[in-house]
Amino acid sequence: MLKKIVLWVFGIILVVLLGGLSYLYLGLPDVGAAPDITVEETPQQIERGRYLAEHVTVCVDCHSQRDWSKFSGPLVPGRRGQGGEVFDHGFGFPGIFTAKNITPHNLKSWSDGELYRLITTGVTKDGEPIFPVMPYTYYRRMDPEDTRAIIAYLRTLAPIEQSHPPSDPDFPMNLIMRTIPQQANPMERPSKSDTVAYGKYLTTIAGCVECHTPKVQGAPDMDRFLAGGFEFSLPGYGTVTSSNITPHDATGIGTWTEQRFVNRFKQYDTLSYEQVREVPKNEFNTVMPWTMYAGMTEEDLKAIYAYLKTVESVQQQITRFVPESATSSGE
């Protein structure tokens, strides 16, 4: 009798496990079909997309080759959109994730709708989820016209024949990933005259939360929203920690003026690749793509500043940088 009960319990557990796995692989991600859209590639649309992809959503940040021997890892000339940047255990990621080629060479078989769904939900043309190192959880809020503009711009990139190995998530992230994508929930881009709302929109689609909010069990810690503390390992240099950008006077940007905030970005605006300084090993470097964000207009930077001044002030002191040599020596 006991043997039969044990077998029944085992059978029930097995059925539940198989059912759960079947749902994960057959039912998820559930974001709906790719929309049937055709993006209009007007000069104005392409220019808007270029501005967003280069300076706000910074798609080219991850999907190009960056030179990490130089400050802030500027883009290597001629490699825009080719992909290949690797985000792995050395950076604290649960697996090996490789940025894909987003030039027309690789996207020629993708419809505009498939690209739209990928950007806003994180689901590929084959219905598979991608790891949210690409902040699609924030892009899902982007105004549809801005998403279309980015697609129009990507179609104009110089084709680069470059392929990359598929990403390889660790267990159980390979299962968890399937639960993350959600349907797009776009917002209308606020009028620039509503400075704070417009700044919030830019801050959202720029994915500032992704790096400037620490995580707890993989989810943003909203009690420390934008308070910094997210650590990035830069092999050869050390560990850099994102800054507190809440309006706290002592540990955030509470004492910063609008002009100081704008200047912090704009100081990198005119630097060519050759002018970006090289950084010796074990000295401060950063993942913050300053040379890309520097291309934002002053109006947009001021709007972001206005919004940041309205978020909850959080006291959190940040140790900006710990050299790799200090870590390896046990200091």
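Visitor: What makes K215 count as partly exposed?

Guide: K215 has a relative accessibility of 28%, and since buried means under 20% relative accessible area and exposed over 50%, with partly exposed in between (1.4 Å probe, protein chains only), the value falls in the middle class. This is a predicted model, in which local features need pLDDT of at least 70 and side-chain atom pairs count only at pLDDT 80 or more, whereas totals for chains, interfaces and linings use all residues. Residues are numbered from 1 along each chain as its sequence is written, and side-chain values use heavy atoms, with hydrogens and water left out.

Visitor: Why is the contact between K215 and E210 called a salt bridge?

Guide: The term requires a side-chain nitrogen of Lys or Arg within 4 Å of a carboxyl oxygen of Asp or Glu, and the side chains of K215 and E210 meet at 3.5 Å, N to O, so the pair qualifies under that definition. E210 has a relative accessible area of 18% and is therefore classed as buried. Elsewhere, R48, D146 and R189 are joined into one network by salt bridges that share partners, and the structure holds 12 salt bridges.

Visitor: How do you know how far apart along helix 2 the partners R50 and E47 are?

Guide: R50 and E47 are 3 residues apart in helix 2, which means a separation of about one helical turn; helices (H or I, at least four residues) and strands (E, at least two) are DSSP runs, numbered from the N terminus. The closest N and O atoms of this salt bridge are 2.7 Å apart. R50 counts as partly exposed at 28% relative accessibility, and E47 is partly exposed as well, at 40%.

Visitor: What makes the K192 and E299 pair a link between parts distant in sequence?

Guide: The closest N and O atoms of the K192 and E299 salt bridge are 3.5 Å apart. K192 lies in the loop between helix 8 (173-176) and helix 9, while E299 belongs to helix 13, so the pair ties together parts that are 107 residues apart in sequence. Both residues are partly exposed, K192 at 42% and E299 at 45%.

Visitor: Why are strand 1 and strand 3 said to stand at the edges of their sheet?

Guide: The open sheet has 3 strands in the order 1-2-3, with antiparallel pairing. Strand 1 (86-87) and strand 3 (168-169) each have a single partner strand, so one side of each is left without a neighbour in the sheet.

Visitor: How do you know that strand 1 and strand 2 pair?

Guide: Two strands pair if DSSP finds at least two bridges between them, and strand 1 and strand 2 (residues 95-98) are joined in the antiparallel sense over 2 bridges, so the requirement is met. F87 has F97 in strand 2 as its bridge partner.

Visitor: What makes the approach of R155 to W110 a polar contact?

Guide: A polar atom of the R155 side chain lies 2.9 Å from the backbone oxygen of W110, and a polar contact is a pair of N or O atoms within 3.5 Å, where within protein one must be able to donate a hydrogen and the other to accept it, and residues adjacent in sequence count only if both atoms are side-chain atoms. R155 lies in the loop between helix 7 and strand 3 and counts as partly exposed at 22% relative accessibility. Leaving aside residues up to four places away in sequence, R155 touches residues including E41, P104 and D112, where contact means heavy atoms within 4.5 Å.
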